[in-house]
Amino acid sequence: MSLLFKNLRIHQVFGANTDVGKTVLTSALVRASAAAGHSVYYLKPVSTGPMSDADDERVLGLVGKHKDRVNSKCLFRFDDPVSPHLAARRANENSAVERTVPTDDAFVNAVASHIRQCARQVRMPSHMYVETAGGVHSPTLSGTTQLDAYRPLFLPTVLIGDSRLGGISSTIASYEAMLLRGYIVDAVLLFRDEYYRNWEYLSPYFAERGVPVVSVQPPPERQLDPAADAALTETYYQSIVSGNGEGAIYDVVKHLDACHTRRLNELDTMPRRTLDSIWWPFVQHGHVQREADVNVIDSAWGDFFTIYNGKRSTSSSQGSLLEPQFDGSASWWTQAIGHAHPSLTIAAARAAGRYGHVMFPEATHLPALKLAERLVHDGPGKGWASRAFFSDDGSTGMEVAIKMALRAYATREAGQLGGARRKDLGILGLKGSYHGDTIGAMDACEEGVYTCEWHDAKGYWFDPPTVSVRKGKTVVSLPPAIASETKDGQADVETVSLSWTYNVEERLKTPLADAYRGYIERTLQKLKDGDGPRIAALILEPLVMGAGGMIFVDPLFQRVLIDVVRGPNPSRSPSEWSGLPVIFDEVFIGLYRLGLQTSSGLLGTTPDISVNAKILTGGLVPLAVTLASDSIYRAFLSDNKVDALLHGHSYTAYPVGCEVAHETLDIVDKLAASPAWAAAREKWKVPEPEKVHQTAVWSFWDPEFVHVVSKMDNVAEVMALGTVLSIKIRDDSAGYQSHSARALLESIKTAVDSEALSPAPGGSPFGIHYRTLGNVAYFMLSLNTPQDVVRAVEERVWTVLQNKH
């Protein structure tokens, strides 16, 4: 991840094309830095071509009398003067001894390791320049373009513009490609070609964007006589980097220093400014008083934040002020394929450039239409849904779902409902459920820590049985009201295995299913006979109730509950609701968060309405989609405008969100068929037939790790499905207000120094950012988190728990 040192100012030099003078101008910067009295480190990660033309050697010959202040290094060298990926391939084609071509991770680790090594030598303000090869999209050794390969390092950059014919376009295109990936571009340098005069156009263009453009005279033509060429070259460098410390190149060096100082100051002041101006969600500000408690995120890439550690008392004067931190909550459950994925940022730009935002009622556009068709016909709605309704986020998506369900019920029961009674319709759900923070979504939950002064709960909520792994055994825990109806009255029922526990079709034949059915039917009859609200819809968070405390609900109970409320209707079509409309809130669990595209396959039944969000857009922009069956849709059809679904948002079907969602789903579909997923399923002994993929449970977390942690004395229970790991800490004062999980795992946030390279990009030691729900700590992965990262997180979690016995 990104590296930032107080006394080592680093800039990476990119070129708008090949042969634009990158090495000439980088050498000028090196020379000016050295002349100004700084130690200078020059790094050419990859060099292709004969040693006589190697840039790292050439730079040393161009820095003048201050050569002793310059350290020059090349990490990977190939003889063929072609693109690095081709040079690496040809080296193996033409050699009897195969040469290992580094992966992107190994390449970034090598660059980062060298930077850290240089930083350890620094005592006074020093400069470092990392020069890339060719243009911004020239491939690295693996074939990945440079902008993507170097992005985990997130170094501030200097762009060398193209002074030739067509150079205006290539310079601007390169700049925009860098911005799309989040790069900081501090300056643009180029030659002052008096014929094409590109600098005249580029200077005001970049000035409007806050980036200075500096142009210098191009170097003289190379001379055949080496001595004459050297003398002429030295004269040239003396003209652009004078001995008096004045001139355009010196101005650039001073500007880069100022950018470095400004960035350091900005990071250092952000905690105080944040405490003075930000109101965080779900945070008791009375508990966050110190600047060191503010997690300053400078950037993010893949599964990691890059955070500022300058407020930490143990921060070293020579160490990096930035360090990686594993994003253990997948940025609050939204991440699907890692932070700053270039395909998603390009998709967002594509839609923003084509549409911006356009109003949606009685209109359509391709991103929305394609996404709706995909979700209805090939996604979570396959086989039952007919319509997709767009909204802003999970909570608003659930508001839409509730309106759909209540209207459908009220329309069908119109003969029995007067006007007043339509306002008193209630919801059937589960204790611990959470459907969002908007008022209607809160009213669909019982009173709890998330509700507010306006909360008016309408409905009934069953206390659900749960599934967990305790002391290596899979246990179904029954609430007392259900346990009392079983044959042995036991509250904790050990099952055959986790996979059997989630085989709902098999378990429907068990006595426990009969006990569930009897209990639910009697409870609903009591509600009907009493004075409570008339129940008009069933809302479930299938399999896991996230915000309620990572409650893994027994799927058999949810299936039986659905069957009971729908009534005996074996010929029911999936597109027709019966009994009560059933809503699946899959905002958290949907689209493979738990290893399944949707819970319908595992539960063996489909909803009438479902909501997807979070993973839907890969964690880049907010968007939610509420899917509905045809019978739900028809409840709003009439000749009267007021019968329509009069609900909407200004950003309904936001083209950027829809395009990003479509791109995300493309990537996720490929991941679902990947060897990495197959390997994870194999560890959990999941058979390979496609049908099983939609019903069998598995996780990216190692089953042996789950087994071992479940046996720890300070752990009450563990569960893992898909990307989610939940650890309930043993605590007599359990509940949302408990601090036991946070206190136990607090040290995990801090990186532990190690000489070995970590699996974080760049190899630096990393801490782990995590969230707790009372005495429950949970950790969440992306759908493409590398296995070495998962294993490292598991090792750290196990170590902390082991040491706190």
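**Exercise 1. Decide whether D229 is buried or exposed, and find what its side chain meets.**

Solution. Begin with the accessibility: D229 has a relative accessibility of 10%, and since buried means under 20% relative accessible area, exposed over 50% and partly exposed in between (1.4 Å probe, protein chains only), D229 counts as buried. The model is a predicted one, in which local features need pLDDT of at least 70 and side-chain atom pairs count only at pLDDT 80 or more, while totals for chains, interfaces and linings use all residues. Residues are numbered from 1 along each chain as its sequence is written, and side-chain values use heavy atoms, with hydrogens and water left out.

Next, place the residue: D229 is found in helix α8, residues 226-240, where helices (H or I, at least four residues) and strands (E, at least two) are DSSP runs numbered from the N terminus. Then look at its contacts, meaning heavy atoms within 4.5 Å: leaving aside residues up to four places away in sequence, D229 touches E221, R222 and Q223. Finally, a polar atom of the D229 side chain lies 2.9 Å from the backbone nitrogen of Q223.

**Exercise 2. Work out how the rings of Y409 and W577 are arranged, and which parts the pair ties together.**

Solution. Start from the count, as the structure holds 26 aromatic pairs; rings of Phe, Tyr and Trp (its six-membered ring) pair if their centres lie within 6.5 Å, with planes under 30 degrees apart counted as stacked, over 60 as edge-to-face and the rest as tilted. The ring centres of Y409 and W577 are 6.5 Å apart and their planes stand at 35 degrees, so this pair is tilted. Because Y409 lies in helix α13 (residues 394-412) and W577 in the loop between α20 (555-566) and β20 (582-585), the pair ties together parts that are 168 residues apart in sequence. As a last step, check the accessibility: Y409 is buried at 6%, and W577 is buried with a relative accessible area of 4%.

**Exercise 3. Find where A330 and L591 lie, and what their phi values are near.**

Solution. Take A330 to begin with: its phi is near 45 degrees, a positive value in a residue other than glycine, its place is in helix α10, residues 330-333, and it is buried with a relative accessible area of 2%. Turn then to L591, whose phi is near 60 degrees, a positive value in a residue other than glycine. L591 sits in the loop between β20 and α21 (600-603), and at 3% relative accessibility L591 counts as buried.

How values were computed. Polar contact = N/O pair within 3.5 Å; in protein donor to acceptor, adjacent residues only side chain to side chain.
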